[in-house]
Amino acid sequence: MPNMSYCRYENTSNDMQDVVDTLFDCDIDVNLSFSEQRGLDTILELAKDIVEMEDKIENILSNEHFRNNR
């Protein structure tokens, strides 16, 4: 089920933290199903996209901080 727009980033960041924790805890020889392999590959590609948008994300956060602290 898709995230509602008002909690998209909060919910997704919690799910991403679960993925990071699992990756730290799993061994290199873990057996993943084909669909899980595809999912992990997609997460890696999306993570690269997010890193490339670091400046944009920082600008969004800065603007929100400014708006919320007027």
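Good morning. A pocket, in the sense used here, is an open set of grid points where a 1.4 Å probe fits, with protein on both sides within 12 Å along at least five of seven lines. Rolling a probe the size of a water molecule over the atoms shows where empty space is left. The structure I shall present is a predicted model, and I shall begin with its pockets.

The largest pocket of this model has a volume of about 840 Å³. It is lined by 22 residues, and those closest to its centre are Thr 12, Ser 13, Met 16, Leu 46 and Ile 50. Three elements each give two or more residues to this lining: helix 1, which spans 8-25, helix 2, which spans 34-52, and helix 3, which spans 54-68. Helix 1 provides the largest share, with ten residues. As for chemical character, the lining of the largest pocket contains 15 nonpolar residues, three polar ones and four charged ones.

Let me turn to the second largest pocket, whose volume is about 230 Å³. Which residues line the second largest pocket? They are Val 19, Thr 22, Leu 23, Cys 26, Val 30, Leu 32, Glu 36, Gly 39, Leu 40 and Ile 43. Helix 1 and helix 2 each contribute at least two residues to this lining. Here the largest share comes from helix 2, which supplies four residues. Seven of the lining residues of the second largest pocket are nonpolar, two are polar and one is charged.

I now come to the protein as a whole. How many helices and how many strands does the protein have? There are three helices and zero strands, and the order of elements from the N terminus on is α-α-α. For a compact globule of 70 residues, one would expect a radius of gyration near 11 Å, but this protein has 16 Å. Along the principal axes, its C-alpha atoms fill a box of roughly 50 × 25 × 20 Å.

A pair of residues gives a sense of distance within the model. Arg 38 and Ser 62 are separated by 24 residues in sequence, and their C-alpha atoms lie 34 Å apart in space. Arg 38 belongs to helix 2. Its relative accessible area is 48%, and Arg 38 is therefore partly exposed, since the word exposed is kept for values over 50%.

The surface can be described in the same manner. Of the 70 residues of the protein, 1% count as buried. The accessible surface comes to about 6800 Å², and carbon and sulfur atoms account for 55% of that area.

My last topic is charge. Side chains of opposite charge can pair when their charged atoms come close. The structure holds one salt bridge. Which side chains meet in a salt bridge? They are those of Glu 45 and Lys 48, with a distance of 3.5 Å from N to O. Both residues lie in helix 2, three residues apart, which is about one turn of the helix.

Are these two partners buried, exposed or in between? Glu 45 has a relative accessible area of 38% and so is partly exposed. Lys 48, at 43% relative accessibility, is also counted as partly exposed. Both values fall in the range for partly exposed residues because buried means under 20% and exposed means over 50%.

To close, I return to the starting point: the largest pocket, of about 840 Å³, draws its largest share of lining residues from helix 1, whereas for the second largest pocket that share comes from helix 2. Thank you for your attention.

Definitions and conventions: Residues numbered from 1 in each chain as written. Predicted model: local features only at pLDDT ≥ 70, side-chain atom pairs only at ≥ 80, totals over all residues. Heavy atoms only, no water. 1 Å grid on protein atoms, 1.4 Å probe; cavity = no way out; pocket = protein on both sides within 12 Å on 5 of 7 lines; lining within 4 Å. Points joined across faces, edges and corners; volume = space filled by probe spheres on them. Nonpolar A, V, L, I, M, F, W, Y, C, P; charged D, E, K, R; others polar. Rg over C-alpha atoms; globule rule 2.2 N^0.38 Å. Buried < 20%, exposed > 50% of the residue type's maximum accessible area, 1.4 Å probe, protein only. Areas by Shrake-Rupley, 256 points an atom, 1.4 Å probe, with all protein chains shown as cover. Salt bridge = Lys/Arg side-chain N within 4 Å of Asp/Glu carboxyl O.
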